[in-house]
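Please load the model in your viewer and keep a selection prompt at hand. The tour below moves from one selection to the next and says what is to be found at each stop.

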Amino acid sequence: AIVHAIRDALTVIQDEALSGGYRASAAGVVGLSYESLGDREAAIEHLRRAIHLDPSQENSYLSLADLFEQAQRYSEAVDILQAARGNFPESPAVLLPLGADLIRAEHYQAGIDVLHELLRSSPQIPEAYISIADASHKLGNTAQEIEALHRLAQLKPDYPMIHVLIARAMLGAEPADYQNGLNELSLAEKEAPDDADVFYLRGKAYFSLGKYDEIGRAHV
């Protein structure tokens with residue numbers, strides 16, 4: 001069935017009497033069909049063709065960028081999403097993966113800037129805060145990392161492991177913020193009493209503080 005779909009769509013693509021949008025949709029079908037068959041390079045080729053035939057179809061950019069992400073070809077994903085941004089400058093569907101892929105490509109500040117732009121218009125996207133925190137950590141900007149995580153905690157208090165994430169950032173700061181870090185771990189323990197990360201980080205904090213008698217109790 002997939003092979004037949006590819007054949008029919010290729011016929012549409014080659015018909016220059018048809019509109020660019022219609023032919024682009026057919027190229028998208030071919031690209032996604034090749035993806036389902038495991039032929040990534042053929043899928044990439046036809047999704048590029050879809051963009052060329054009709055640059056106004058957002059899904060073609062997103063599907064192509066997703067293929068590059070799957071192959072960990074993040075710089076190429078960034079290039080595609082930057083092109084998409086030119087046509088869809090305020091689209092959360094473009095800005096979120098663009099920011100994340102810039103960070104994966106080690107363009108940390110550029111990724112942070114894109115994600116901050118996204119959050120100004122769409123503040124309800126948890127993944128953006130996590131990506132900002134991750135990039136900030138890699139840049140050694142602990143204050144910005146903690147700020148992003150705090151904003152996420154305010155937005156989604158039940159986000160998985162949010163208090164552990166905040167505590168880890170606080171305890172890894174220079175200088176470490178032991179008191180607030182331990183407070184965050186207490187909140188984390190209420191939500192997940194058996195979380196091994198809570199006991200590990202608490203024991204590490206007590207060790208650093210020289211409170212050796214507390215270490216055993218932290219691991220009970």
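With which side chain does the side chain of H163 make a polar contact? Select H163 together with E184 in this predicted model, and the pair appears with a distance of 2.7 Å, the side chain of H163 making its polar contact with the side chain of E184.

**Stop 1: around H163**

Keep H163 selected and colour the element that holds it, which is helix 10, covering residues 162–171. The relative accessible area of H163 is 12%, so the residue counts as buried, the cut-off being under 20%. Now display the residues that H163 touches, leaving aside those up to four places away in sequence: they are E184, L187, A188 and E191. E184 therefore appears both as a contact of H163 and as the partner in its polar contact. If you then add H150, which lies 13 residues from H163 along the chain, the distance between the two C-alpha atoms comes to 8.9 Å.

**Stop 2: helix 10 as a whole**

Extend the selection to the whole of helix 10, where 8 of the 10 residues are buried, so that this helix is largely enclosed by the rest of the structure. The buried set consists of I162, H163, V164, I166, A167, A169, M170 and L171. To see what lies over these residues, show helix 9 (142–155), helix 11 (178–191) and helix 12 (196–209), which are included in the cover of the buried residues of helix 10.

**Stop 3: the loops on either side of helix 10**

Most residues other than glycine have a negative phi, and most peptide bonds are trans. With that in mind, select M161, which is found in the loop between helix 9 and helix 10. M161 is a residue other than glycine, yet its phi is positive, near 65°; at 39% relative accessibility it counts as partly exposed. Next move to P175, located in the loop between helix 10 and helix 11, and inspect the peptide bond that leads from E174 to P175, which is cis, with omega near -5°.

**Stop 4: Q72**

Which sign does phi have at Q72? Select the loop between helix 4 (58–70) and helix 5 (74–87), where Q72 has its place, and read off the backbone angle: phi is positive, about 60°, although Q72 is not a glycine. At 59% relative accessibility, Q72 counts as exposed.

**Stop 5: L102**

Go on to helix 6, residues 92–104, in which L102 is found. Is L102 buried or exposed? Its relative accessibility is 5%, and on that basis L102 counts as buried. Apart from residues up to four places away in sequence, L102 touches V78, H107, Y108, A110, G111 and V114. For V114, one of these contacts, the sequence separation from L102 is 12 residues, and the C-alpha atoms of the two are 8.8 Å apart.

**Stop 6: the whole protein**

Clear the selection and colour by secondary structure: the protein has 13 helices and 0 strands. The radius of gyration is 23 Å, well over the 17 Å that the globule rule gives for 220 residues, so the protein is more spread out than a compact globule. Along the principal axes, the C-alpha trace spans about 80 × 35 × 25 Å.

Colouring by accessibility comes next, and here buried residues make up 41% of the 220 residues. Among contacts with a separation of 6 or more, 42% are between residues 24 or more positions apart. Switching to a surface view, the protein exposes about 11800 Å², of which carbon and sulfur atoms supply 51%. Finally, select the charged side chains, of which 18 are positive and 33 negative, and note that the centres of the two sets lie 2 Å apart.

Conventions:
Residues are numbered from 1 along each chain as its sequence is written. This is a predicted model: local features need pLDDT of at least 70, side-chain atom pairs count only at pLDDT 80 or more; totals for chains, interfaces and linings use all residues. Side-chain values use heavy atoms; hydrogens and water are left out. Helices (H or I, at least four residues) and strands (E, at least two) are DSSP runs, numbered from the N terminus. The radius of gyration is taken over C-alpha atoms; the globule rule is 2.2 Å times the number of residues to the power 0.38. Buried means under 20% relative accessible area, exposed over 50%, partly exposed in between (1.4 Å probe, protein chains only). Contact means heavy atoms within 4.5 Å. Accessible areas come from the Shrake-Rupley method with a 1.4 Å probe; for residues, only the protein chains shown count as cover. Lys and Arg count as positive and Asp and Glu as negative; His and the chain ends are not counted. The place of a charge is taken as NZ of Lys, CZ of Arg, CG of Asp or CD of Glu. A polar contact is a pair of N or O atoms within 3.5 Å; within protein, one must be able to donate a hydrogen and the other to accept it, and residues adjacent in sequence count only if both atoms are side-chain atoms.
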